[in-house]
Amino acid sequence: MAEGSGSGGGASGRGPPCPGAASAFRRWEQLRRRAATPWARGLLAAAAGLGLLYAVLRVPVRLRDGLAAVTVFLSTLTPKFYFALTVTSSFISGLIFVFEWWHFRKYGTSFIEQVSVSHLRPLIGGAEGSPPAPAAFSAGENESSRQNMPECKVWRNPLNLFRGAEYSRYMWVTGKEPLTYYDMNLSAQDHQTFFTCDTDALRPSDTVMQKAWRERNPQARIKAAYQALELNNDCATAYVLLAEEEATTIVDAEKYFKQALKAGEMIYKKSQNCHSQSPQHEAQLRRDTNVLVYVKRRLAMCARKLGRIREAVKMMRDLMKEFPLLSMLNIHENLLEALLELQAYADVQAVLAKYDDISLPKSAAICYTAALLKARAVSERFSPETASRRGLSTAEINAVEAIHRAVEFNPHVPKYLLEMKSLVLPPEHILKRGDSEAVAYAFFHLQHWKRIEGALNLLHCTWEGTFRMIPYPLEKGHLFYPYPSCTETADRELLPTFHEVSVYPQKELPFFIHFTAGLCSFSAMLALLTHQFPELMVIFAKAHLLSVTLSCFPGFWKLRNKVNRQLPVPASQTSPSSAAAAVASECSQCSGLQLKGLRPGALGLFFHPSSSLWDTLRTCCCPAPASADWCDWRVFSMIV
């Protein structure tokens with residue numbers, strides 16, 4: 001019973017079959033079976049072949065019809081049309097050329113090429129056809145690729161300026177934003193890493209500051225810092241934020257940092273006493289250490305900017321002795337700059353002896369400071385003329401090699417030191433071997449190169465010789481790794497938009513810039529010729545259209561060969577009238593011309609032998625003894 005009812009229910013749910021639908025389905029099955037027979041397939045193939053043959057035979061006829069109609073239409077156009085056509089073409093191609101040049105200067109790529117690669121290639125199927133990259137490599141391959149292809153890592157600028165006292169004042173005076181959003185976003189991430197930890201939720205003031213570092217609006221961050229101070233008057237990170245962003249002078253920033261130092265030292269001592277109790281306390285100790293080191297370093301930089309250089313040097317030395325493991329902060333670069341300001345070159349050499357090691361990461365400050373010290377020994381007596389006559393001494397060779405080494409590490413710096421490019425405020429983050437690092441170095445060290453007499457002259461005479469040693473910098477280096485190819489993109493993100501980013505090696509102009517420039521020049525030349533010689537240019541344009549149109553006819557080449565056989569014969573041996581009659585009879589027999597109804601008399605639509613321009617061409621193309629008929633056919637043959 002259950003089964004019977006279930007089956008009945010299922011049948012009633014589907015409904016009875018429709019008789020009309022069943023008959024249509026049977027007819028479709030019969031038609032499909034008949035189409036599967038061999039004779040039906042042959043009939044379909046024959047029909048498809050006839051259709052293809054008709055299309056193949058019909059297309060040329062339609063093409064000739066279209067060409068003939070276009071030729072007759074263009075033959076009635078005036079010189080003003082051709083002048084407007086060439087001017088418009090030149091204007092449009094010029095706009096494309098200007099846009100391509102601007103896009104290449106701003107982004108380093110061709111816009112047309114970029115669009116074709118990113119949008120047209122997937123449509124054509126180039127992206128799908130390319131083999132996929134392997135997902136993972138072995139450990140050995142990964143290590144070797146990491147050594148051969150150094151990453152473009154962004155570093156914190158050890159000499160970065162104060163936002164409120166320096167960057168904001170620059171923006172108030174010039175109206176230009178000196179920092180990019182990408183650079184400020186990296187700084188926000190650094191602040192969250194340095195000044196926050198997992199135990200901030202236990203202290204209300206640190207919870208407020210944790211939110212403050214994530215704020216994008218400067219006024220919101222300053223407001224949050226004051227809220228944290230209301231909750232805890234000894235919140236060191238709140239004083240750090242106020243010193244960086246609210247203080248409008250270095251003196252005000254130093255006051256805030258002194259308050260932050262007092263609070264930071266007290267918190268640091270408490271963290272030292274209980275750091276071994278739990279992992280959370282260890283994380284808090286690391287955070288308090290970062291805050292203390294940051295505050296002491298910024299206090300030393302304030303002293304340096306306020307002219308208390310010896311005090312700044314002492315603070316930096318003490319900081320490096322107290323926290324020797326924090327060499328990643330590159331405090332020695334601050335020390336080098338302060339010692340150069342004091343002209344304590346022996347102390348500078350001692351610092352370089354410690355940090356200019358093959359096992360330590362290099363920087364423009366280390367390489368160019370080493371070159372400056374070696375150049376100082378010979379630059380005062382260096383002369384290019386004298387050196388070319390007697391050769392370079394050992395000290396001069398060492399100085400030149402040091403300059404070559406520094407230029408190979410960062411080839412952008414000499415342009416700023418030699419004042420070939422204008423400087424901007426350095427960003428808060430730099431890219432090693434990039435333009436951002438060059439800006440940061442030259443902004444602080446240009447005065448030290450100028451102070452040593454002859455140093456810039458020696459640099460000017462020798463820095464370009466580095467590029468002869470590394471003809472293929474992206475493939476192989478001389479003293480360092482090959483120059484990374486990703487510096488341009490990262491520098492454009494770090495440096496402001498109004499700064500022209502230095503690119504090395506220089507990129508060749510894309511093909512489309514050359515193409516649009518040539519098209520614009522050619523169109524402009526045609527427009528000028530059409531304006532100066534309208535009738536002559538119209539005749540040449542019509543002659544070109546005539547040759548294109550008549551080349552589609554079967555009898556055209558036979559007609560042209562006949563004309564070429566008749567024309568070279570002198571008038572004294574062969575009558576021009578007979579040559580013209582032969583050509584006219586050949587035209588009357590030309591099936592191609594008769595097919596389209598183009599009789600020989602129709603050529604008068606294109607050329608008028610009675611016009612003054614035709615007489616000018618006939619005088620220029622024919623010798624004096626030649627008859628008029630012979631010259632007419634010669635001019636016609638030369639134009640066609």
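Among contacts in the protein chain between residues at least 6 apart in sequence, 69% connect residues at least 24 apart. The model analysed here is a predicted one. Its secondary structure consists of 32 helices and 2 strands. Of the 640 residues in the protein chain, 41% are buried. The accessible surface of the chain amounts to about 36,400 Å², and carbon and sulfur atoms account for 61% of that area.

Helix packing was examined for three pairs. In one of them, helix 13, spanning residues 250-274, is paired with helix 14, spanning residues 279-305; their axes come within 8 Å and cross at roughly 155 degrees. Helix 13 is therefore roughly antiparallel to helix 14, because angles over 145 degrees are counted in that class. The crossing of these two helices, helix 13 and helix 14, is left-handed. Sorted by class, the residues in the contact of helix 13 with helix 14 comprise 13 nonpolar, 6 polar and 7 charged.

Helix 16 takes part in the other two pairs, with helix 17 and with helix 22. The axes of helix 16 and helix 17 lie 9 Å apart, and the packing angle is about 160 degrees. This angle makes helix 16 roughly antiparallel to helix 17. The crossing of helix 16 and helix 17 is left-handed. On the side of helix 16, the contact is formed by His332, Leu335, Leu336, Leu339 and Leu340, while helix 17 contributes Tyr345, Asp347, Val348, Val351, Leu352 and Tyr355. By class, 9 nonpolar, 1 polar and 1 charged residues make up the contact of helix 16 with helix 17.

With helix 22 (residues 435-451), helix 16 forms a crossing of roughly 35 degrees, the axes coming within 10 Å. The crossing of helix 16 and helix 22 is likewise left-handed. Here Glu337, Leu340 and Glu341 of helix 16 meet Phe444, His445, Gln447, His448 and Arg451 of helix 22. The contact of helix 16 with helix 22 divides into 2 nonpolar, 3 polar and 3 charged residues. Leu340 of helix 16 thus appears both in the contact with helix 17 and in the contact with helix 22.

The loops on either side of helix 16 hold two further residues of interest. Asparagine 330 is placed in the loop between helix 15 (309-322) and helix 16. With a relative accessibility of 9%, asparagine 330 counts as buried. Leaving out residues up to four places away in sequence, asparagine 330 touches Trp155, Pro158 and Arg297. Arg297 falls within the residue range of helix 14, 279-305. Glutamine 343 is situated in the loop that runs between helix 16 (331-342) and helix 17 (345-355). Its relative accessibility of 44% classes glutamine 343 as partly exposed.

Backbone conformation was considered next. Most residues other than glycine have a negative phi. Glutamine 343, a residue other than glycine, has a positive phi, near 60 degrees. A positive phi near 60 degrees is also found at glutamate 419, again a residue other than glycine. Glutamate 419 belongs to the loop between helix 21 (413-417) and strand 2 (429-431). At 52% relative accessibility, glutamate 419 counts as exposed, because the threshold for that class is over 50%.

Two residues within helices illustrate approaches between positions separated in sequence. Arginine 376 is located in helix 18, which covers residues 364-378. The relative accessible area of arginine 376 is 41%, and the residue is partly exposed. Its C-alpha atom is separated by 6.4 Å from that of alanine 455, although arginine 376 and alanine 455 are 79 residues apart along the chain. Apart from neighbours within four places in sequence, arginine 376 is in contact with Tyr345 and Ile452. Tyr345 is also one of the helix 17 residues in the contact with helix 16.

Alanine 188 is part of helix 9, which comprises residues 181-195. With a relative accessibility of 19%, alanine 188 counts as buried, because the cut-off for burial is under 20%. Between alanine 188 and arginine 216 the C-alpha to C-alpha separation is 8.6 Å, with their positions 28 residues apart in sequence numbering.

Key. Residues numbered from 1 in each chain as written. Predicted model: local features only at pLDDT ≥ 70, side-chain atom pairs only at ≥ 80, totals over all residues. Heavy atoms only, no water. Helix = DSSP H or I, 4+ residues; strand = E, 2+ residues; numbered from the N terminus. Buried < 20%, exposed > 50% of the residue type's maximum accessible area, 1.4 Å probe, protein only. Contact = heavy atoms within 4.5 Å. Areas by Shrake-Rupley, 256 points an atom, 1.4 Å probe, with all protein chains shown as cover. Axes fitted to C-alpha atoms, helices over the stretch in contact; angles between N-to-C directions. Parallel < 35°, antiparallel > 145°, perpendicular 65-115°, else oblique. Left-handed = near helix turned anticlockwise from the far one by under 90°. Nonpolar A, V, L, I, M, F, W, Y, C, P; charged D, E, K, R; others polar.
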